[in-house]
Amino acid sequence: MSTYGTRPIIKNGLLALMILTSCGLNEGRAVHAPAREGLSETNRIAEDYVKLALATGQHDGNYVDAYYGPADWQQEAKSRPKSLDAIERDAASLIGRLGKLNVRGAEALALLRHQYLLKQLESLSARVKMLKGAKLTFDQESKALYDAVAPTYPESHFRNILSSLEALVPGTGPLGERVNRYKEEFIIPKEKLDTVFKAAIEEARKRTKKQVALPAQERFDLEYVTGKSWSGYNWYKGNSHSLIQINTDLPIYIDRAIDLACHEGYPGHHVYNVLLEQHLVKEKGWVEFSVYPLFSPQSLIAEGSANFGIEVAFPGSERVAFERETLFPLAGIDPSKAATYYKVQAALARLSYAGNEAARRYLNGEFNRDQAIEWLVKYTLASPERAAQRVSFFDQYRSYVINYNLGQDLVRDYIERKGGTVDRPAKRWLEFKKLLSSPRLPSGLKSKP
């Protein structure tokens with residue numbers, strides 16, 4: 001989802017379980033009873049977690065973003081709904097059961113699985129408390145739901161960035177008005193949207209498939225919609241199939257074609273879900289990854305990797321070159337203006353945390369709606385219409401906004417610490433693929449002291 005315009009543990013027999021989780025269940029190895037029992041307990045907890053997520057979805061229509069597990073589990077959630085109190089009690093019970101499993105010495109992926117289940121359950125419990133009326137500050141909420149807290153910046157930080165932008169966009173009038181007038185030259189005409197987006201998606205897919213082995217049946221459907229608080233959305237259907245929707249309520253600028261093609265598709269949400277399904281659900285039988293609760297730590301990994309994936313697929317000057325040679329002409333926009341346009345875009349990107357500040361102050365009750373819109377117009381240089389759409393996003397998704405910019409920064413830092421710098425593209429792709437295929441948590445991306 002894009003706001004702009006947008007996851008084994010046993011008491012005994014641990015070695016046997018490590019062999020199971022790393023080599024699969026059909027290697028013909030002897031398996032001791034304690035290992036089988038430990039694996040069974042982890043799998044039972046995972047199943048119960050999925051059912052609790054589906055039950056929570058009956059109280060919160062936005063909670064279950066994707067599900068492709070057993071259909072009868074979903075039907076049971078609908079036909080035999082649980083109360084919020086019962087969900088909260090069951091979540092506490094599962095957290096207690098996880099806590100009794102001994103994970104010392106477990107192999108890395110098994111340990112990540114345990115940590116993932118624990119944090120997802122804690123997040124689910126927090127969401128249920130919110131549905132029951134609990135009031136959290138913006139930072140308390142983001143920590144409870146997404147395992148992360150965004151940095152806080154003073155107003156002076158954004159004023160300094162705005163000062164550096166003044167010389168980039170000439171003309172008369174306030175900077176925001178000048179920026180929005182300038183950007184009008186780079187709107188994709190509605191009759192050319194489909195052509196431009198399909199060209200961007202095809203290029204992103206081609207670049208991704210050179211680096212990532214995807215199932216032969218992977219595919220997506222593309223739709224254009226209106227009346228949404230977001231600019232793009234990926235609805236994952238399972239079996240390597242996504243529905244990607246693009247919101248056309250407001251004019252769409254040329255840079256959004258690559259942004260959304262990568263973020264929602266390749267190597268973003270579509271590829272992330274395909275790899276989780278292929279490697280964790282189908283190969284390992286980890287059923288917990290057949291459900292994606294939107295308000296959970298998984299979303300920071302999903303959104304952060306989807307945003308960073310743009311840089312992975314189109315590193316350095318390659319993006320501007322492709323857009324200048326292909327997308328600008330398809331949209332009927334002067335290609336000679338591409339380089340300057342992206343200098344402005346890079347400067348505007350430095351204001352992204354101003355959106356977090358607007359959400360923090362608005363949701364903490366320090367701003368009313370009009371004040372939040374005014375802040376966004378002033379410090380993100382959004383038009384009033386886009387600022388209003390952004391506040392509607394705050395109303396619907398609340399502290400979810402941190403997952404985009406903080407998520408991108410955490411993923412970039414993690415990949416680069418692993419050696420995946422822009423000058424080592426093969427290593428960058430390798431570490432990126434490993435991240436997309438693992439149950440890593442936001443707190444697991446951070447630098448160790």
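Let us start with the loop between H10 and H11, where Pro267 lies. In this predicted model, Tyr266 and Pro267 are joined by a cis peptide bond, with omega at about 5°.

Two further loops deserve attention for their backbone angles. Asn239 sits in the loop between S3 and S4. Its phi is near 55°, which is a positive value in a residue other than glycine. Is Asn239 buried, partly exposed or exposed? Asn239 counts as partly exposed because its relative accessibility is 45%, and the partly exposed class runs between 20% and 50%. Arg398, in the loop between helix H17 (384-397) and H18, likewise has a positive phi near 55° and is not a glycine. With a relative accessible area of 25%, Arg398 is partly exposed.

I turn now to H10 and one of its residues. Arg256 is placed in helix H10. At 12% relative accessibility, Arg256 counts as buried, since the limit for that class is under 20%. What does the side chain of Arg256 contact? The partner is the side chain of Ser231, in a polar contact of 3.0 Å.

H10 also takes part in enclosing empty space. Rolling a probe the size of a water molecule over the atoms shows where such space is left. The second largest cavity holds about 30 Å³. Its lining consists of Phe197, Ile201, Leu222, Ile244, Ile246, Leu260, Ala261 and Gly265. Helix H9 (193-209), strand S4 (241-247) and helix H10 (255-265) are the elements that each give two or more residues to this lining. Which of them provides the largest share? H10 does, with three residues. By class, seven of the lining residues are nonpolar and one is polar, while none is charged.

The largest cavity has about 70 Å³ of space. Two or more residues of its lining come from each of strand S3 (232-238) and H11. S3 gives the most, namely three residues. The residues that line this cavity include Met1, Asp65, Tyr233, Asn234, Tyr236, His269 and Asn273; also among them are Tyr292, Leu294, Glu303 and Tyr400. Here the classes are six nonpolar, three polar and two charged residues.

Next comes the second largest pocket, with about 270 Å³ of space. How many residues line this pocket? There are 14, and those nearest its centre are Leu109, Lys434, Ser437, Ser438 and Arg440. Helix H5 (108-131), helix H11 (269-282) and helix H19 (425-436) each contribute at least two residues to the lining. The lining is made up of six nonpolar, three polar and five charged residues.

H19 leads to my last topic. With 12 residues at 1.5 Å a residue, H19 should span 16 Å, and its end C-alpha atoms are indeed 16 Å apart, so the two values agree. Which residues of H19 are buried? They are Arg428, Trp429, Glu431, Phe432, Leu435 and Leu436. An α-helix has 3.6 residues a turn, so residues three or four places apart point the same way. The buried residues of H19 pack against H9, H11, helix H12 (297-313) and helix H18 (402-417).

To close, I return to H11. This helix supplies residues to the lining of the second largest pocket and to that of the largest cavity, and the buried residues of H19 pack against H11.

Conventions
Residues numbered from 1 in each chain as written. Predicted model: local features only at pLDDT ≥ 70, side-chain atom pairs only at ≥ 80, totals over all residues. Heavy atoms only, no water. 1 Å grid on protein atoms, 1.4 Å probe; cavity = no way out; pocket = protein on both sides within 12 Å on 5 of 7 lines; lining within 4 Å. Points joined across faces, edges and corners; volume = space filled by probe spheres on them. Helix = DSSP H or I, 4+ residues; strand = E, 2+ residues; numbered from the N terminus. Nonpolar A, V, L, I, M, F, W, Y, C, P; charged D, E, K, R; others polar. Buried < 20%, exposed > 50% of the residue type's maximum accessible area, 1.4 Å probe, protein only. Polar contact = N/O pair within 3.5 Å; in protein donor to acceptor, adjacent residues only side chain to side chain. Expected span 1.5 Å × (residues − 1). Contact = heavy atoms within 4.5 Å.
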